[in-house]
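Here's a quick look at one protein chain, with an eye on its charged side chains. Have the model open as you read.

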Amino acid sequence: VGIKGDPTLEVFAQRGGGDAFAVTRDVALKPEDRIRFVVNPAGGKYLLVVSKDGAGAISVYYPFGEQKSALVASNTKSELPGSVELDATLGTEKLFAIFSNEPVTASAVESALKAGEALKLPGARVVEKDFTKAAP
């Protein structure tokens, strides 16, 4: 049984001890905000969430700091465990959620992003989101 449609990535943030709010293009985030992810893999078995910040640095946000994608519940919309505290790098940050049936390595994604190439990974579907990080 699979879920029809495309995979999705929703991003939520929390500032200080305040309530969580949805991250959209018109809402600027700040350093030290914490972000979390809700995904619908639409049948994908593995997920890797990678960030490219305003300075071009690339980080793995899920599974945090790891070098390859992790298994996810492929037919269930769910909140990923943990959260990521944003650093002080300002500007536009791009998120890439790579849903796949086989594990994807962070190095393959990083190579493509550093070369300015589109993420075209065999058997993978990519969802992109971006947000702006502004000075406090």
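## Glu-79 and its partner

At 46% relative accessibility, Glu-79 is partly exposed (that label sits between buried, under 20% relative accessible area, and exposed, over 50%, using a 1.4 Å probe and protein chains only). Arg-36 is partly exposed too, at 32%. The two form a salt bridge, with their closest N and O atoms 2.3 Å apart (a side-chain nitrogen of Lys or Arg within 4 Å of a carboxyl oxygen of Asp or Glu). This pair joins distant parts of the chain: Arg-36 sits in strand S3 and Glu-79 in strand S7 (residues 78-79), 43 residues apart. Strands here are DSSP runs of E, at least two residues, and helices are runs of H or I, at least four, numbered from the N terminus.

## What the model is

This is a predicted model, where local features need pLDDT of at least 70 and side-chain atom pairs count only at pLDDT 80 or more, while totals for chains, interfaces and linings use all residues. Residues are numbered from 1 along each chain as its sequence is written, and side-chain values use heavy atoms, leaving out hydrogens and water.

## More salt bridges

The count comes to 8 salt bridges. Another one pairs Asp-87 with Lys-133, closest N and O atoms 2.7 Å apart. Asp-87 lies in the loop between S8 and strand S9 (91-100) and Lys-133 in strand S10 (residues 124-133), so the pair ties together parts 46 residues apart in sequence. Lys-133 is buried, at 2%, whereas Asp-87 is partly exposed, at 39%. Glu-93 joins Asp-87 and Lys-133 in a network of salt bridges.

## The whole chain

The chain has 1 helix and 10 strands.
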